[in-house]
Amino acid sequence: MTEYREGSNGARLALGLLFLVAVGLFFYLQEIISELLVDIQLLLNFDPLQARLIISRLLLWLVVSGGLISMAIGGYLYLLAGRIAQEGIYPPAELPVAFKTELLTGAGAKKMRWICLLSAVLLLLQPLLGVAIWYGLTGGVL
């Protein structure tokens, strides 16, 4: 017989607030970046070296901010994989879920643990890849 854990209203509220903050932040940053790109385009005709410097700094800022977010999510997934290994069940006992979720034990929990570990490793490697791409595109110009 399949067991389920019912969703938590607190988890739903947290997801909703996170979504609203993410959407608001997206539009706020989109406005700032679009203004900066217009300034860079105007600057290209007058001082291309200064424009390259600004582009390099913008790309580095995007890599660092994206890297911090991916490291936070990767760290969370790594800790979640540890809890799954310790308890042998997914989702772990104290983890609130937003929606009705099937409880996985045995092979299903192990599979979910490996998915969490693989995702964590990929997310934790993202900042290194981002810096390598930034360096390749800009030559490390600050």
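**Close-up views of a predicted model**

**View 1. A lysine charge over a tyrosine ring.** In this predicted model, the charged end of Lys-100 is placed over the ring of Tyr-4, at 4.8 Å from the ring centre.

**View 2. An arginine over the face of a tryptophan.** Here Arg-113 lies over the face of Trp-114, and the distance to the ring centre is 5.2 Å. Residue 113 and residue 114 both fall within helix H3, which spans residues 107–138.

**View 3. The aromatic pair of the structure.** The structure contains 1 aromatic pair. Its members are Phe-26 and Phe-27, whose ring centres are 5.3 Å apart and whose planes stand at 75 degrees, so the pair is classed as edge-to-face, given that planes over 60 degrees apart count as such. Phe-26 has a relative accessibility of 51% and therefore counts as exposed, the cut-off for that class being over 50%.

**View 4. Helix H1 against helix H2.** Helix H1, formed by residues 9–46, and helix H2 have axes that come within 7 Å of each other and cross at roughly 160 degrees. Because of this angle, H1 is roughly antiparallel to H2, and the crossing of the two helices is left-handed.

**View 5. Helix H2 against helix H3.** Helix H2, covering residues 48–87, packs with helix H3, covering residues 107–138, at an angle of about 165 degrees, and their axes are 8 Å apart. This angle makes H2 roughly antiparallel to H3, as angles over 145 degrees are assigned to that class. The crossing of H2 and H3 is left-handed, and the contact between these helices comprises 22 nonpolar, 10 polar and 2 charged residues.

Definitions and conventions:
Residues numbered from 1 in each chain as written. Predicted model: local features only at pLDDT ≥ 70, side-chain atom pairs only at ≥ 80, totals over all residues. Heavy atoms only, no water. Phe/Tyr/Trp six-rings, centres within 6.5 Å; stacked < 30°, edge-to-face > 60°. Buried < 20%, exposed > 50% of the residue type's maximum accessible area, 1.4 Å probe, protein only. Lys NZ or Arg CZ within 6 Å of the ring centre and 35° of its normal. Axes fitted to C-alpha atoms, helices over the stretch in contact; angles between N-to-C directions. Helix = DSSP H or I, 4+ residues; strand = E, 2+ residues; numbered from the N terminus. Parallel < 35°, antiparallel > 145°, perpendicular 65-115°, else oblique. Left-handed = near helix turned anticlockwise from the far one by under 90°. Nonpolar A, V, L, I, M, F, W, Y, C, P; charged D, E, K, R; others polar.
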